[in-house]
Amino acid sequence: MIEQFNRDGTLRHLITLAHLNRTQLNALLDHAETYLVGHAHYAPREPRLLGRTVALLFFEPSTRTRVSFHLAATRLSADVVTLDGDASSRVKGETLLDTVRTLEAMHTDVFVVRTAEAGIPALLAGHIGRGKALINAGEAHCEHPTQGLLDVLTIRQHKPDIRNLCVAIVGDIRHSRVARSAAQALGILEVGELRLVGPEPLLPDTNEFDGAVRYAELEPGLRDADVIMALRIQRERMQKEAGIPSNDAYFKRFGLTAERLKAARSDVIVMHPGPINREVEISSAVADGPHSVIGRQVTNGVAVRMAVLARIAEGLSGTP
Ligand code: NCD
């Protein structure tokens, strides 16, 4: 296991939320809030990463996560370099290590990595030099820690009493790193109730998501929920699609419509990590409607990534 904190308590890497405690997690969320309060009309800027280089290594397609890391790093005054891998070619660990070594030789301080292969972020973190850092920006179906942070930040802003909340994650949970990281973060914050809602083939194995309640039907899964998190069907992660509903069939049974939302609490918030498939997992009326906090999630994403980078900056080599 990779140690994510330095001996003095500063953040070294962010590979998973699993080993963070409540205090560490809340500290990151509180730090992110400082980039939101009073910044409604302009983007916050800080010199914390001045003279530092952040490399974005994205070996899987991404729009919002890549752009938000880029903005977060530049708003902290870093130089940013971006490497987009070919999503279709399987990137081998060794090749990736060579890329990282090359970038290290160019004085890269922070590596932000997205990969379709499990285990790569931890592997790379184990090889990079002292005083350098790695942030997991999405790893296969397993981990997406900054998404987990922005999701709980969004929830906390709307409904701070997390211990008394019922959160329903709806859709393709089986293949979702977003669901896994959200569940970790919610678990650390001791969420009242976590529900996993979706057709049987898209629900995770029963030994995962400890303590969550599973629903194979939408209506009972949404009943009295405070928070609904909709997920995309990740067909690109499936070996075979046998038993997976077509988009039309899925929308008929599990699509979030205004009518179906009535089963939830009247002040329910609806989240989605994006990219959204309108009229598949969510209707346009809900995605753009009064319960949607999807835009807020995107805004929070930059703030959370700034907070993670700022925390990591404290432990980089040569820090005064
Ligand atoms: C998600 C991802 O890439 O894991 N999107 C994101 O980070 N905003 C979810 C998805 O691709 O469905």
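Select H144 and the ligand: in this predicted model, an N or O atom in the H144 side chain is 2.8 Å from a ligand oxygen, which fits the polar-contact cut-off (a pair of N or O atoms within 3.5 Å). Next, pick T65, where a polar side-chain atom lies 3.0 Å from an oxygen atom of the ligand. Then add Q234, whose side chain has an N or O atom 3.2 Å from a ligand oxygen. On its own the ligand exposes 320 Å², and the protein buries 93% of that (Shrake-Rupley areas, 1.4 Å probe).

Before going on, some housekeeping. Residues are numbered from 1 along each chain as its sequence is written. Local features need pLDDT of at least 70 and side-chain atom pairs 80 or more, while totals for chains, interfaces and linings use all residues, and side-chain values use heavy atoms, with hydrogens and water left out.

Now show the shell (residues with a heavy atom within 4 Å of the ligand). Among its members are R64, R114, Q147, R177, V178, R232 and P273. By class it holds three nonpolar, five polar and four charged residues, with Asp, Glu, Lys and Arg counted as charged, Ala, Val, Leu, Ile, Met, Phe, Trp, Tyr, Cys and Pro as nonpolar, and the others, Gly among them, as polar.

Color α2 (64-75) and α6 (177-188): these are the elements that give two or more residues to that shell. Helices here are DSSP runs of H or I with at least four residues, and strands are E runs of at least two, numbered from the N terminus.

Stay with the shell and select G274 and P275. A cis peptide bond joins them, with omega at about -5°, and P275 is in the loop between β9 (269-271) and α10 (284-287).

Hop to S77, in the loop between α2 and β2 (79-84). Its phi is near 75°, a positive value in a residue other than glycine.

Finally, zoom out. You should find eleven helices and nine strands in the protein chain. Its C-alpha atoms fill a box of roughly 55 × 45 × 35 Å along the principal axes.

Definitions and conventions:
Polar contact = N/O pair within 3.5 Å; in protein donor to acceptor, adjacent residues only side chain to side chain.
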